[in-house]
Amino acid sequence: MNFSMKLREASERNNSLLCIGLDTDLEYVPRKFLMETNPIVYFNRAIIDITRNLVCAYKLNLAFYESLGIPGIDALRRTVKYIPKDIPVIGDAKRSDISNSARHYAKALFEVWNFDAATVNPYMGEDAIQPFLEYRDKTVFVLCLTSNKGAEDFQIPDKLYLKVAHKIKEWNVYNNCGAVVGATHPDQVAEIRKAIEDATMLVPGIGAQKGDLNKVVANGLNASCEGLIINVSRGIIYASTGEQFEEDIVKKTVEYREAINLARGQVRCN
Ligand code: OMP
């Protein structure tokens, strides 16, 4: 099943546009897992067990795993394997390179790690993205307007993000190209939605980065009231490190899912 179909089914089944970012940092893993040989694996599994009926996707940022060396790589592999097959998994590595190298990055993300989607950087242009797009059953999320302050350096002047958005529309021939847009730019979300039409938008920046959830939902849904994946990482997985961490994480996840659905309910759809 391709990414889009998997996403739609998971989203409908769980009534959710919420993606949990498994950006797991050993420093915040509850003490009870620290006895395990690879605590991140067991913490991630616990999160997946309690949230699998509440999300439309999971996203793993590879930095958190690669930075731990071989145990991190092992944790990445075992976490992706543990996620139920009917929930899409996004590999967030923000890759791209000359096409000969990009082919290998794409192979690693899609064939070795088995991600259903990946994030890529558009700075090197079309031939650096093309090897990812060739995997038609996967989805490629192109950084369009990032959530960080540095977006002001290149992306915002002259509205470079809009140029990227138009390219995403052009590259979305096989319905497998979407945009990453930070929730810290809720007004630009509307402009980008117009430019990419019905393509899927991955929106990080809710929670710890204080993006505007209501505006993002109002401005980011496509004409069918879909096409939006809202990622929360720290705001959920570090909701608590205490004994009751499972309850706290479920509570936070439900809160975010309901807040998104409430905002979605206010939007008139086709
Ligand atoms: P929290 O701020 O903890 O919710 O994490 C946000 C996640 O989204 C991290 O994995 C970031 O690397 C990622 N992200 C952004 O925060 N901003 C962006 O503009 C793009 C991404 C991303 O591509 O996912």
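**View 1. Lys 252, which counts as partly exposed at 29% relative accessibility, is shown with its salt-bridge partner in helix H12 (residues 245-265).** The structure is a predicted model, in which local features require pLDDT of at least 70 and side-chain atom pairs count only at pLDDT 80 or more, although totals for chains, interfaces and linings use all residues. Residues are numbered from 1 along each chain as its sequence is written, and side-chain values use heavy atoms, with hydrogens and water left out. Partly exposed lies between buried, under 20% relative accessible area, and exposed, over 50%, with a 1.4 Å probe and protein chains only. Glu 255 forms a salt bridge with Lys 252, their closest N and O atoms being 3.2 Å apart; the term denotes a side-chain nitrogen of Lys or Arg within 4 Å of a carboxyl oxygen of Asp or Glu. Because the two residues are three positions apart in H12, about one helical turn separates Glu 255 from Lys 252. Helices (H or I, at least four residues) and strands (E, at least two) are DSSP runs, numbered from the N terminus. Glu 255 is also partly exposed, at 39% relative accessibility. Elsewhere, Lys 59, Asp 92 and Lys 94 are joined into one network by salt bridges that share partners.

**View 2. Two salt bridges, Glu 191 with Lys 159 and Lys 169 with Glu 197, are among the 16 found in a search of the whole structure.** In the pair of Glu 191 and Lys 159, the closest N and O atoms are 2.7 Å apart. This pair links distant parts of the chain, with Glu 191 in helix H9 (residues 186-196) and Lys 159, 32 residues away, in the loop between helix H7 (151-154) and helix H8 (160-171). Glu 191 is partly exposed at 24% relative accessible area, and Lys 159 is partly exposed at 40%. For Lys 169 and Glu 197 the closest N and O atoms are 3.6 Å apart. That pair, too, links distant parts of the chain, since Lys 169 is in H8 and Glu 197 is in the loop between H9 and strand E7 (201-203), 28 residues apart. Both partners are partly exposed, Lys 169 with a relative accessible area of 37% and Glu 197 with 45%.

**View 3. Strand E4 (residues 117-120) is shown with its parallel partners, E3 (residues 89-95) and E5 (residues 139-145).** Ala 117 and Thr 119 point one way from E4, Ala 118 and Val 120 point the other way, and all are buried. Three bridges join E3 to E4, where pairing requires at least two DSSP bridges between the strands, and Gly 91 stands opposite Ala 118. Together with helix H5 (residues 99-112), E3 and E4 make a right-handed β-α-β unit; right-handed means that, with the strands pointing away from the viewer, the path from the first strand over the helix to the second runs clockwise. Four bridges connect E4 with E5, in which Val 140 stands opposite Ala 118. From E4 the chain crosses through helix H6 (residues 126-133) to E5, and this β-α-β crossover is right-handed as well.

**View 4. Strand E8 (residues 228-232) has five of its five residues buried.** Leu 228, Ile 230 and Val 232 lie on one side of E8, and Ile 229 and Asn 231 on the other, so that both faces are covered. E8 pairs in the parallel sense with E1 over three bridges, and Asn 231 of E8 stands opposite Cys 19. Three bridges also join E8 to E7, likewise in parallel, with Leu 202 opposite Ile 229. Helix H10 (residues 213-220) completes a right-handed β-α-β unit with E7 and E8.

**View 5. Cys 56 and Cys 144 are shown in a structure whose disulfide count is zero.** A disulfide is counted when a pair of cysteine sulfur atoms is within 2.5 Å. The sulfur of Cys 56 lies 6.0 Å from the closest cysteine sulfur, that of Cys 19, which is too far for a bond; Cys 56 is buried at 1% relative accessibility. Cys 144 is in no disulfide either, the nearest cysteine sulfur, in Cys 177, being 9.9 Å away. Cys 144 is buried, with a relative accessible area of 2%.
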